[in-house]
Amino acid sequence: MTSHAPQPTAQNTAEAPTPAPAPVRPAKRRPLSSREDRWFDRLNTVFLLAVVVVIGYPLWFVLIASVSDPHAVQSGEAWLWPVGLNIDGYARVFSQGSIWTGYRNTVIYTIVGVALHLLIVLPCSYALSRRNMTGRTPVTWYILITMLFSGGIIPTYLVVKDLGMLDTIWAVVVPGAAGAWSILVGRAFFTQSVPEELAEAATVDGAGDIQTFLRIAIPLSAPIIATLALFHGVGLWNEYFKALIYLSDRDKYTLQLVLRELLVVSQDTSQGGAGVAGSLIEQQRLAALIKYAVMIVASLPLLIIYPFLQRFFTQGVLIGSVKG
């Protein structure tokens with residue numbers, strides 16, 4: 001007789017013990033950073049701290065020198081903390097009525113100049129970023145050439161004079177209002193942030209070039225607007241040469257021109273040979289205080305404004321660094 005092996009039934013199969021899975025050994029984790037990476041991070045940290053000290057210490061020294069005894073500053077005693085608290089320099093600076101007039105004029109010049117700068121640069125940059133613009137390449141080269149060559153001081157003065165802008169606000173804000181560098185940076189921004197496909201979609205929806213610029217490009221341009229406004233605004237705030245050449249009315253002087261005049265007068269007075277020796281020493285001491293106080297007065301507004309624009313400024317300066 002032929003013997004048949006018993007066939008496994010479904011019940012027997014279900015009751016058969018399932019072999020336990022082999023234990024999985026945890027994968028050996030790769031260290032987050034190697035020894036060389038850790039040393040690089042440490043050296044990089046030390047280097048950046050050194051850069052911060054090199055950049056920040058001069059400003060800190062000017063600040064403590066403006067409120068310290070000039071003798072302590074000259075002898076090297078006041079190098080980290082104020083020594084002999086003294087605010088006579090600030091009292092002398094702010095006692096001049098022309099200081100407040102200069103502040104008012106500079107704020108007005110800066111606001112008007114930045115608005116005019118953006119009004120010219122943004123449309124020009126957007127137009128040059130569009131591929132369908134006729135003559136885009138020649139215009140770009142023409143703007144680029146102005147970065148390398150200029151007419152000079154005398155031709156510029158004659159143009160300002162012939163336009164009737166002498167001794168007016170426009171003599172300060174109009175020359176240089178359309179910066180070639182700003183136009184090229186804005187062009188790179190619009191090329192990257194407002195692609196042709198987006199403009200074509202707006203055209204399909206019935207928007208013209210002006211509507212596309214105002215309703216699509218401008219709302220996306222906060223970083224570049226902040227960057228261009230900050231760069232041009234700093235230039236206008238520190239402007240004194242144009243005011244020195246074009247302005248003759250003291251009521252229209254900029255802050256930098258007023259501070260320059262105050263500093264020059266104080267130094268000339270302290271170096272004069274006339275007067276009692278004690279009075280001359282006091283004038284020299286006051287001139288040293290005024291010198292440092294003037295630096296703080298001129299720089300403080302920009303130092304206060306910059307943190308609010310830093311986020312947009314950081315995004316704006318990186319425009320064009322990455323393609324795609």
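Which residue lies over the face of W39, and at what distance from the ring centre? In this predicted model, that position is taken by R42, at 5.1 Å from the centre of the W39 ring.

Aromatic rings also meet one another, and the count of aromatic pairs comes to twelve. In one of these, Y57 and F61 adopt a tilted arrangement, with 6.2 Å from centre to centre and 35° between the planes. Both residues belong to helix α2, where a spacing of four residues separates them by about one helical turn. An α-helix has 3.6 residues a turn, so residues three or four places apart point the same way. Y57 counts as partly exposed because its relative accessibility is 32%. F61 is likewise partly exposed, with a relative accessible area of 22%. Elsewhere, F94, W100, Y103 and W237 are linked into a cluster through ring pairs.

The largest nonpolar core contains 30 residues, among which V93, I99 and L259 touch the most other members. At least two residues of this core are supplied by each of α2 (35–66), α3 (70–75), α4 (88–94), α5 (97–129), α8 (170–173), α14 (255–270) and α15 (277–317). Helix α15 provides the largest share, eight residues. When residues up to four places away in sequence are not counted, V93 touches I99, L259, L262, I290, A293, V294 and V297. A second core, separate from this one, has 20 residues, including Y126, L128, I183 and A217.

Helix α10 spans residues 196–204, and its buried residues include E196, A199 and A202. These three cover an arc of only 125° around the axis, and therefore lie on the same side of α10. The exposed residues E197 and V204 are carried on the face turned away from the buried side. The cover over the buried residues of α10 includes α5 and α11 (209–217). Just after α10, G206 has a positive phi of about 100°.

A further buried position occurs in helix α12, which comprises residues 222–237 and contains A226. The relative accessibility of A226 is 9%, so this residue counts as buried, the cut-off being under 20%. Although A226 and L309 are 83 residues apart in sequence, their C-alpha atoms are 6.5 Å apart in space.

Terms used: Residues numbered from 1 in each chain as written. Predicted model: local features only at pLDDT ≥ 70, side-chain atom pairs only at ≥ 80, totals over all residues. Heavy atoms only, no water. Buried < 20%, exposed > 50% of the residue type's maximum accessible area, 1.4 Å probe, protein only. Core = buried A, V, L, I, M, F, W, Y, C linked by side-chain atoms within 4.5 Å. Contact = heavy atoms within 4.5 Å. Phe/Tyr/Trp six-rings, centres within 6.5 Å; stacked < 30°, edge-to-face > 60°. Lys NZ or Arg CZ within 6 Å of the ring centre and 35° of its normal. Arc of directions from axis to C-beta.
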